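This report describes the fold and the charged side-chain pairs of one protein chain. Please consult the sequence and the model shown here while reading.

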Amino acid sequence: MDTQSIVKEAVRAIDSKKGENIEVIGITDLTIIADYFVIATGTSSTQVKALAEEVEYKLEQQGVTPHHIEGRNTPWVCLDYSSVVVHIFYKDQRDFYQLERLWEDGEKVDIVNFLED
């Protein structure tokens, strides 16, 4: 599965479980960490966990498994798919860490096309 497809599937999985404020930032030109960050907010610790599990489940159905998962039962779950890193936050943690500000030089990707079909 190519990088764009991983991003699309992650965004769709998060949206299907009512994740909020989904953002995709292209960071290829800024770092070797990954090509994209997918960032989303859950409204409760239960939803944060459910969003992460849904991303993992949907991508596993496509034969893609995470390289590493951090924070499974915490307010910030990070799923590392090498070229794509998915960050799912509880609102307070997202406001505190402000990844979007830290990576503001990255390319903001319009997710509308990912949600159509």
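The sections below treat the overall architecture, the surface and the salt bridges of this predicted model.

## Overall architecture

The chain contains five helices and six strands. Along the sequence these elements follow the pattern α-β-β-α-β-β-β-α-α-β-α.

For 117 residues, the rule for a compact globule gives a radius of gyration near 13 Å, and the chain agrees with it at 13 Å. Along the principal axes, the C-alpha atoms occupy a box of roughly 35 × 30 × 30 Å. Among contacts with a separation of 6 or more, 61% join residues 24 or more positions apart.

## Burial, surface and charge

Of the 117 residues in the chain, 44% are buried. The exposed area of the chain is about 6,500 Å², and 46% of this area is supplied by carbon and sulfur atoms.

The chain carries 11 positive and 22 negative charges. The mean positions of these two sets lie 6 Å apart.

## Salt bridges within helix H2

Side chains of opposite charge can pair when their charged atoms come close. In this model the count is seven salt bridges, and two of the pairs are described in this section.

Glu53 and Lys49 form a salt bridge with an N to O distance of 4.0 Å. Both residues belong to helix H2 (residues 45–61), where they are four residues apart, about one turn of the helix. Glu53 is partly exposed at 41% relative accessibility, and Lys49 is also partly exposed, at 36%.

Lys58 and Glu54 form a salt bridge at 3.9 Å, N to O. This pair too lies in helix H2 with a spacing of four residues, about one turn of the helix. Lys58 is partly exposed, with a relative accessible area of 25%, whereas Glu54 has 13%. Because buried means under 20% relative accessible area, Glu54 counts as buried.

## A link between strands and a shared network

What joins the side chains of Glu23 and Lys108? A salt bridge does, with an N to O distance of 3.4 Å. Glu23 is part of strand S1 (residues 20–26) and Lys108 is part of strand S6 (residues 107–109), so this pair ties together parts that are 85 residues apart in sequence. Lys108 is partly exposed, its relative accessible area being 48%.

Through salt bridges that share partners, Glu23, Arg94, Glu100 and Lys108 are joined into one network.

Note on methods
Residues are numbered from 1 along each chain as its sequence is written. This is a predicted model: local features need pLDDT of at least 70, side-chain atom pairs count only at pLDDT 80 or more; totals for chains, interfaces and linings use all residues. Side-chain values use heavy atoms; hydrogens and water are left out. Helices (H or I, at least four residues) and strands (E, at least two) are DSSP runs, numbered from the N terminus. Buried means under 20% relative accessible area, exposed over 50%, partly exposed in between (1.4 Å probe, protein chains only). The radius of gyration is taken over C-alpha atoms; the globule rule is 2.2 Å times the number of residues to the power 0.38. Contact means heavy atoms within 4.5 Å. Accessible areas come from the Shrake-Rupley method with a 1.4 Å probe; for residues, only the protein chains shown count as cover. Lys and Arg count as positive and Asp and Glu as negative; His and the chain ends are not counted. The place of a charge is taken as NZ of Lys, CZ of Arg, CG of Asp or CD of Glu.
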